[in-house]
Amino acid sequence: MSTTAALLSKDALPTHEYVAQLAHALTHRGWLMATAESCTGGLISGACTERPGSSQWLDCGFVTYSNRAKSAMLDVPAALIATHGAVSEPVARAMAQGAVAQSQAQVSVAVTGVAGPDGGSAAKPVGTVWFGWQVAGRLHSEAMHFEGDRHSIRQQTVQHALRRLLALVEAADAHAG
């Protein structure tokens, strides 16, 4: 199944439903969340703050669009970016770690990708997005390829980031103890 088809399947929920479930899961555990966003430019934090009371579970969001901002705000080593590129697994993971380290959060989500319409390459075509999540000290990462225009790619990124974070938060109980 293509990434786009998976997001539009009958199992997909509207973004605000993922936010509502995530809010409940984080509040129930007494955890705070931080975001580290590049290609989405704050859309994940924006989706979260649409929900009243989000200050109970959302600590902060970092919009680190430039490489310099990734290094300055999230302590992503410039050498890591130079070696792997901003759109890469090591950078997404470092962003997720940096978001937790620079906040009061126990969980984070990081996204870095090529939303288009320009900027893609053969190795990293438009629609390539790397995700990083840190949940209760455990680091996770994943690459996805989304299709569509810039708006669609960014919206799919937000939804996938939140859906996967929710799953990881819910699974964290199984790994504790």
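## A tour from Thr-157 to the central strand and the pocket

Begin by selecting Thr-157 together with everything around it: apart from neighbours within four places in sequence, Thr-157 is in contact with Cys-39, Thr-40, Val-111, Val-129, Phe-131 and Phe-146. Bear in mind throughout that this is a predicted model. Thr-157 belongs to helix H7, which covers residues 150–175, and with a relative accessibility of 0% it counts as buried, the cut-off being under 20%. If you display the side chain of Thr-157 as sticks, you will find that it reaches back to the backbone oxygen of Ile-153, at 2.8 Å.

One of the contacts of Thr-157 is Val-111, and Val-111 leads into the next selection, strand S3 (107–113). How many of the seven residues of S3 are buried? Seven of the seven are, so S3 is largely enclosed by the rest of the structure. In a regular strand, side chains alternate between the two faces of the sheet. Colouring S3 by side shows Val-107, Val-109, Val-111 and Gly-113 on one face and Ser-108, Ala-110 and Thr-112 on the other, with both faces covered.

Now add the strands that pair with S3. Strand S1, residues 33–37, pairs with S3 in the parallel sense over five bridges, and a useful pair to label there is Ala-34, which stands opposite Ser-108 of S3. Strand S4, residues 128–135, pairs with S3 in the antiparallel sense over seven bridges; here Val-109 has Trp-133 of S4 as its bridge partner.

From S3, follow the chain into the loop that leads to S4, where Pro-117 lies, and inspect the backbone between Gly-116 and Pro-117, whose peptide bond is cis with omega near 5°. Continue through S4 to Ala-136, in the loop between S4 and strand S5 (138–145), where phi is positive, at about 50°, although the residue is not a glycine. Ala-136 is partly exposed, with a relative accessible area of 45%. Another positive phi in a residue other than glycine is that of Asp-75, near 60°, and to see it you should move to the loop between H4 and helix H5 (78–84). Such places merit a look in the viewer because most residues other than glycine have a negative phi, and most peptide bonds are trans.

Next, turn on a surface and look for the largest pocket, which holds about 180 Å³ of space. Of its 15 lining residues, those closest to the centre are Ser-38, Cys-39, Tyr-65, Gly-113 and Val-114. Helix H4 (67–74) and strand S3 each supply at least two residues of this lining, and by class the lining has six nonpolar, six polar and three charged residues. Two of the residues closest to the centre link back to earlier stops: Cys-39 is among the contacts of Thr-157, and Gly-113 is part of S3.

Finish at Tyr-65, in the loop between strand S2 (58–63) and H4. Which residues does Tyr-65 touch, not counting those up to four places away in sequence? They are Glu-37, Ser-38, Cys-39, Lys-70 and Arg-150, and with Arg-150 there is a polar contact between the two side chains, at 3.1 Å. For a last distance, draw a line from the C-alpha of Tyr-65 to that of Arg-164: the two residues are 99 apart in sequence and 22 Å apart in space.

Conventions
Residues numbered from 1 in each chain as written. Predicted model: local features only at pLDDT ≥ 70, side-chain atom pairs only at ≥ 80, totals over all residues. Heavy atoms only, no water. Helix = DSSP H or I, 4+ residues; strand = E, 2+ residues; numbered from the N terminus. Buried < 20%, exposed > 50% of the residue type's maximum accessible area, 1.4 Å probe, protein only. Polar contact = N/O pair within 3.5 Å; in protein donor to acceptor, adjacent residues only side chain to side chain. Contact = heavy atoms within 4.5 Å. 1 Å grid on protein atoms, 1.4 Å probe; cavity = no way out; pocket = protein on both sides within 12 Å on 5 of 7 lines; lining within 4 Å. Points joined across faces, edges and corners; volume = space filled by probe spheres on them. Nonpolar A, V, L, I, M, F, W, Y, C, P; charged D, E, K, R; others polar. Pairing = 2+ DSSP bridges.
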